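Dear colleague,

Here is the structure I promised to pass on, with my notes underneath. Please keep the model open while you read.

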Amino acid sequence: MSHSFFQSVYAVVSLIPFGRVTSYGAIAEYLGTRGSARMVGWAMNASHTEVINLPAHRVVNRNGLLTGKRHFGAPGIMEQLLKSEGIDVKEDQIVDFDKHFWNPLIELRS
DNA sequence: TTGCTGACCGACG
DNA sequence: CCGTCGGCCAGCA
């Protein structure tokens with residue numbers, strides 16, 4: 001059984017639009033737990049046990065670096081998924097990261 | 001219970 | 001640009 005925090009993380013991740021990306025820290029800050037970005041990463045790590053299919057490839061670190069690529073089975077899968085959405089990746093780094101960045105604090109404000 | 005570890009982040013030198 | 005440190009907190013040995 002997952003903690004409520006985990007479900008909240010999954011909810012936000014599932015709302016990331018096609019072709020957009022966000023960061024672990026941005027999600028943590030949106031959930032009111034600024035500084036707990038590592039818990040977001042932990043939630044993603046546990047997400048493979050979840051039934052729901054999450055666009056986990058749309059979550060990267062604050063620099064647009066594909067730090068979670070190792071958890072997609074084979075290295076290169078995450079990059080491939082992003083490129084299939086029109087996001088260019090070079091050296092594990094998203095090109096024009098700021099142009100694709102999706103900030104839940106702004107996009108999900110009620 | 002203690003002490004790491006980690007798909008992170010910001011600050012500091 | 002680089003390494004390091006403190007904060008964060010859920011698992012695990």
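Let me start inside the protein, bearing in mind throughout that this is a predicted model. What covers the buried residues of helix α1 includes α2, α3, β2 and α6, the last of these running over residues 104-107. The buried residues in question are Val-9, Val-12 and Val-13, and because they fall within an arc of 100 degrees when one looks down the axis of α1, they line one face of the helix. Ser-4 and Ser-14, on the other side of α1, are exposed. As a reminder of the geometry behind this, an α-helix has 3.6 residues a turn, so residues three or four places apart point the same way.

Two further residues of α1 are worth a look. Gln-7 lies in this helix and counts as partly exposed because it has 13 C-beta neighbours inside 10 Å, whereas burial would require 20 or more. Its C-alpha atom is separated by 8.5 Å from that of Ala-43, which is 36 residues away along the chain. Ala-11 is also found in α1, a helix that spans residues 4-14, and with 14 other C-beta atoms within 10 Å it is likewise partly exposed. Between the C-alpha atoms of Ala-11 and Leu-54, 43 residues apart along the chain, the separation is 9.1 Å.

Helix α3 can be read in a similar way. Its residues Val-40, Gly-41, Ala-43 and Met-44 are buried, and they sit on the same side of α3 because they cover an arc of only 155 degrees around the axis. Arg-38 and Asn-45, on the other side of α3, are exposed, while the buried residues of this helix pack against α1, α2 and β2.

These helices also appear in the nonpolar core. The largest such core has 21 residues, and those with the most contacts inside it are Val-9, Ile-27, Val-40 and Ile-94. At least two of its residues are supplied by each of α1, α2, α3, β2 (59-60) and α4 (77-83), with α2 giving the most, namely 5 residues. If you want one residue from which to explore the core, Ile-27 touches Val-9, Val-12, Thr-22, Val-40 and Pro-104, leaving aside residues up to four places away in sequence. In soluble globular proteins, nonpolar side chains tend to be buried together.

Turning to the DNA, which parts of the protein are found around each strand? Around strand B there are 17 residues, the closest being Gly-25, Gly-41, Asn-61, Thr-67 and Gly-68. The elements that give two or more residues to this surface are α2 (24-30) and α3 (37-46), and the largest share, 6 residues, comes from α3. By class, the surface near strand B has 6 nonpolar, 9 polar and 2 charged residues. Around strand C the residues are Gly-35, Ser-36, Ala-37, Arg-38, Met-39 and Trp-42, which divide into 3 nonpolar, 2 polar and 1 charged. Note that Gly-41 is both one of the buried residues of α3 and one of the residues closest to strand B, and that Arg-38, exposed on the other side of α3, is among the residues around strand C.

Two aspartates deserve a check of their backbone angles. Most residues other than glycine have a negative phi. Asp-92, however, has a positive phi of about 60 degrees although it is not a glycine; it is found in the loop between β3 (89-90) and β4 (93-94) and, with 15 C-beta neighbours inside 10 Å, counts as partly exposed. Asp-96 also has a positive phi, near 55 degrees, and lies in the loop between β4 and α5 (97-100), where it is exposed, with 10 other C-beta atoms within 10 Å.

Finally, the chain as a whole. Chain A has 6 helices and 4 strands, which follow the pattern α-β-α-α-β-α-β-β-α-α along the sequence. Its radius of gyration is 13 Å, close to the 13 Å that the globule rule gives for 110 residues, so chain A is as compact as a globular protein of that length. The C-alpha atoms fill a box of roughly 35 × 30 × 20 Å along the principal axes, and buried residues make up 26% of the 110 residues. Of the contacts between residues at least 6 apart in sequence, 60% join residues at least 24 apart.

With best wishes

Conventions. Residues are numbered from 1 along each chain as its sequence is written. Chains are lettered from A and ligands numbered from 1 in the order in which they are written. This is a predicted model: local features need pLDDT of at least 70, side-chain atom pairs count only at pLDDT 80 or more; totals for chains, interfaces and linings use all residues. A residue is near a molecule or strand if its C-beta atom, placed from the backbone, lies within 6 Å of it. Ala, Val, Leu, Ile, Met, Phe, Trp, Tyr, Cys and Pro count as nonpolar, Asp, Glu, Lys and Arg as charged, and the others, Gly among them, as polar. A residue is buried if 20 or more other C-beta atoms lie within 10 Å of its own, exposed if 12 or fewer, and partly exposed in between; C-beta atoms are placed from the backbone. A nonpolar core is a set of buried Ala, Val, Leu, Ile, Met, Phe, Trp, Tyr and Cys residues joined through C-beta atoms within 7 Å. Two residues are in contact if their C-beta atoms, placed from the backbone, lie within 7 Å. The radius of gyration is taken over C-alpha atoms; the globule rule is 2.2 Å times the number of residues to the power 0.38. The arc is that of the directions from the helix axis to the C-beta atoms.
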